[in-house]
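Look at the sequence and the model together. The paragraphs below go from the interior to the surface.

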Amino acid sequence: MEKAGYVFDVVTSDLDEKAIEENDPYQRPLLLARVKMEALIPQINEPAILITCDEVVACGGKLLEKPQSKEEVRERLEDYSNGAIPEAITAIVVFNTKTKKQFEDYLLKKLNKKHNKCYQY
């Protein structure tokens, strides 16, 4: 963005993502991106475009949190080697603080093991 001439600041929220109770992997990233946006708006004192996002990984429709142990990592790798196909669900929220207009969307990426390629849906 800097190369395109845009001036921007990177700000983070103190959001405890574990406190957000949404286990649907297709809803969670959009919900988290919205909550981040709501948490950051009070910190902005001039007209701006606020962009927030989040990404989760799911497999078989189940949300996969970050592994907590080596055993969990081994189990996931075994699942993947047995044909389980992980998906990455990425959500973005764009908010104009001046006009209050908001845009949001998500992208689903699924690995095709046969061709070792990533497909977007």
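What follows covers two cores, two buried polar residues and a surface patch.

This is a predicted model, in which local features need pLDDT of at least 70, side-chain atom pairs count only at pLDDT 80 or more, and totals for chains, interfaces and linings use all residues. Residues are numbered from 1 along each chain as its sequence is written, and side-chain values use heavy atoms, with hydrogens and water left out.

Begin with the interior. A nonpolar core is a set of buried Ala, Val, Leu, Ile, Met, Phe, Trp, Tyr and Cys residues joined through side-chain atoms within 4.5 Å. Buried means under 20% relative accessible area, exposed means over 50%, and partly exposed lies in between (1.4 Å probe, protein chains only). The largest nonpolar core consists of eight residues: Leu-30, Ala-33, Met-37, Leu-40, Leu-50, Ala-91, Val-93 and Phe-95. H1 and E3 each supply at least two residues of this core, and H1 gives the most, with four. Helices (H or I, at least four residues) and strands (E, at least two) are DSSP runs, numbered from the N terminus. Apart from this core lies another, of five residues, including Val-56, Ala-58, Leu-63 and Leu-108.

Is Glu-87, in strand E3, buried or exposed? Glu-87 counts as buried because its relative accessibility is 7%. Its side chain makes a polar contact with the side chain of Lys-110, at 3.3 Å. A polar contact is a pair of N or O atoms within 3.5 Å; within protein, one must be able to donate a hydrogen and the other to accept it, and residues adjacent in sequence count only if both atoms are side-chain atoms. Leaving aside neighbours within four places in sequence, Glu-87 is in contact (heavy atoms within 4.5 Å) with several residues, among them Val-56, Ala-58 and Leu-108.

Thr-97 sits in the loop between strand E3 (86-96) and strand E4 (102-112). With 12% relative accessibility, Thr-97 counts as buried. Its side chain reaches the backbone oxygen of Glu-46 at 3.5 Å. Outside its neighbours within four places in sequence, Thr-97 is in contact with Ile-44, Glu-46, Pro-47 and Ala-48.

Now turn to the surface. Met-1 lies in the segment before helix H1 (28-40), and Met-1 counts as exposed because its relative accessibility is 59%. Together with Tyr-6, Phe-8, Val-10, Ile-49, Ile-51, Ile-92 and Phe-103, Met-1 forms a nonpolar patch on the surface.

How values were computed: Patch = residues over 30% accessible without salt bridge, like charges linked within 9 Å, V, L, I, M, F, W, Y side chains within 5 Å. Areas by Shrake-Rupley, 256 points an atom, 1.4 Å probe, with all protein chains shown as cover. Salt bridge = Lys/Arg side-chain N within 4 Å of Asp/Glu carboxyl O.
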